[in-house]
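Here is a short report on one protein model. Keep the sequence and the 3D view side by side as you read.

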Amino acid sequence: MSAQVFHRETCRLCDSANVELVVKLEPIPLSENYCDDAESGRHAARYPVDLYMCADCAHVQQLDVVDPKLLWENYTYYSGGAKGIPEHFRQVSTKIMETYRPPAGSLVIDVGSNDGSLLRTFKDLGCTVLGIDPAVEIARQATKSGIETLPELMSLKLARAVRESRGPAQVVCMFNAFAHADNLAEIADAIRTLLAPDGIFVFEVQYLLDVIDGMLIATIFHEHISHHSVKPLVEFLDRHGMELIDVERAPIQLGSIIGTVQLKGGKRPVNASVNALLSLEVRRGLANMDTLVQFAGDVAKLRERTADLVDSMKLRDVSVAGYGAARSGPTIISQLGLAGIIDFIVDDHPQKIRKFSSGDGIQILPTSELCRRMPSHTVILAWVHAEKIIESNREYLEKGGLFVVLCPEIRVVGKHGDIAM
């Protein structure tokens with residue numbers, strides 16, 4: 001499958017042309033592109049995921065943008081089926097309701113609502129809810145389950161139509177989708193249009209500082225085109241008539257921030273958490289090019305260490321599997337030199353079983369095949385769930401299998417725990 005890709009020349013947040021390449025990476029295939037045969041998988045097109053930094057506002061981003069219709073057309077990620085996500089959403093939505101107390105029946109809109117998992121809790125708490133998501137089939141299923149979802153990309157035109165037909169929203173959410181849109185200026189204006197005068201916008205994104213500190217390169221793929229930090233966001237929101245009033249670091253995805261925004265000049269004071277993270281970013285040099293250049297060097301070192309492990313597996317001619325047909329899989333395989341060594345991937349997603357991965361044409365089999373085929377090593381591609389995967393596959397470990405974790409650090413795990421490398 002080929003895609004329409006364009007390379008933007010300016011910063012996504014401030015539109016400055018003063019952007020510089022800071023982390024050069026291997027091109028990767030589309031992460032949610034599964035093929036009917038191995039040959040098609042092996043010939044899947046690859047597209048750049050290099051990281052650039054704006055020298056003016058310090059936003060870190062990918063400038064090679066894949067046509068969003070292709071990214072979301074056959075999307076297979078369901079947030080309700082991801083380990084830990086439904087409970088996380090319940091906690092977040094409950095906290096929003098308790099802290100900001102929107103009136104009963106208030107309209108809550110979730111942009112990038114996926115299967116409606118976040119909105120379901122708001123609905124249970126007495127809110128009127130509306131989802132907006134371009135993944136047509138997922139949107140259809142969400143609506144069928146009772147969470148009305150518009151199968152569209154967010155736009156200013158859509159925001160105006162929703163505001164006119166449904167009135168203003170007391171809460172607009174954008175969880176793990178605020179890093180996905182190329183047209184963030186239009187998205188910001190759309191959110192401002194949707195909000196009631198005393199409404200709030202709540203977003204969750206992976207935090208750049210955690211990506212750097214945790215070597216979370218598996219979070220870099222074509223959907224995640226922005227790698228947010230607080231300083232550029234504060235300035236961006238201000239330009240679009242909004243202000244960040246609270247920001248909380250969260251452990252989800254091994255390092256995220258949850259930001260709360262109001263219209264500029266709103267009644268709520270700015271929480272000390274905002275200045276605290278701004279100060280932390282200054283201390284850590286997060287707005288400095290050198291920090292990202294150092295990160296690029298750390299990625300290269302991780303690649304070298306992984307190469308040594310891969311070479312040792314090749315020398316011993318061991319069988320290798322992958323665990324989890326995850327969105328991060330193509331990144332881990334491509335960036336860490338695993339091409340050609342994984343024999344099969346196990347996953348229980350019904351839309352992926354018996355398909356073949358793009359890039360390497362690796363067949364995806366049910367997880368029951370892990371203990372039946374007993375590969376010597378199994379590389380965990382669904383890296384966020386590594387500990388849970390290890391815990392739930394004791395039989396494989398007891399029979400002599402080894403799990404390999406490559407992100408955020410290299411570990412080989414056997415039945416008695418980590419093995420010295």
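This model is predicted. In it, helix α9 packs against helix α10 (residues 272–283) at an angle of about 130°. Their axes are 9 Å apart. Angles over 145 degrees count as roughly antiparallel and 65 to 115 as roughly perpendicular. The pair α9 and α10 is therefore oblique.

Which residues make the contact between α9 and α10? From α9 come V230, K231 and V234. From α10 come V274, L277, L278 and E281. Of these contact residues, 5 are nonpolar, 2 are charged and none is polar.

Helix α9 (residues 230–239) also lies across three strands: β13, β15 and β16. It runs at about 155° to β15.

Now the sheet. It is open, and 7 strands form it with mixed pairing. Their order is β11-β10-β9-β12-β13-β16-β15. Two of them, β11 and β15, stand at the edges. Each has a single partner strand, so one side of each is left without a neighbour in the sheet.

Here are some of the strands with their residue ranges.

| Strand | Residues |
|---|---|
| β10 | 128–132 |
| β11 | 149–150 |
| β13 | 195–206 |
| β15 | 242–250 |
| β16 | 256–263 |

Strands β10 and β11 run parallel, joined by 2 bridges. In one bridge, G131 is partnered by T149 of β11.

Finally, look at R8. It sits in the loop between β1 (5–7) and β2 (19–23). Is R8 buried or exposed? Its relative accessibility is 13%, so R8 counts as buried. The R8 side chain reaches the backbone oxygen of T10 at 2.7 Å. Leaving aside residues up to four places away in sequence, R8 touches D15, L63 and D182.

How values were computed: Residues numbered from 1 in each chain as written. Predicted model: local features only at pLDDT ≥ 70, side-chain atom pairs only at ≥ 80, totals over all residues. Heavy atoms only, no water. Pairing = 2+ DSSP bridges. Helix = DSSP H or I, 4+ residues; strand = E, 2+ residues; numbered from the N terminus. Contact = heavy atoms within 4.5 Å. Axes fitted to C-alpha atoms, helices over the stretch in contact; angles between N-to-C directions. Buried < 20%, exposed > 50% of the residue type's maximum accessible area, 1.4 Å probe, protein only. Polar contact = N/O pair within 3.5 Å; in protein donor to acceptor, adjacent residues only side chain to side chain. Parallel < 35°, antiparallel > 145°, perpendicular 65-115°, else oblique. Nonpolar A, V, L, I, M, F, W, Y, C, P; charged D, E, K, R; others polar.
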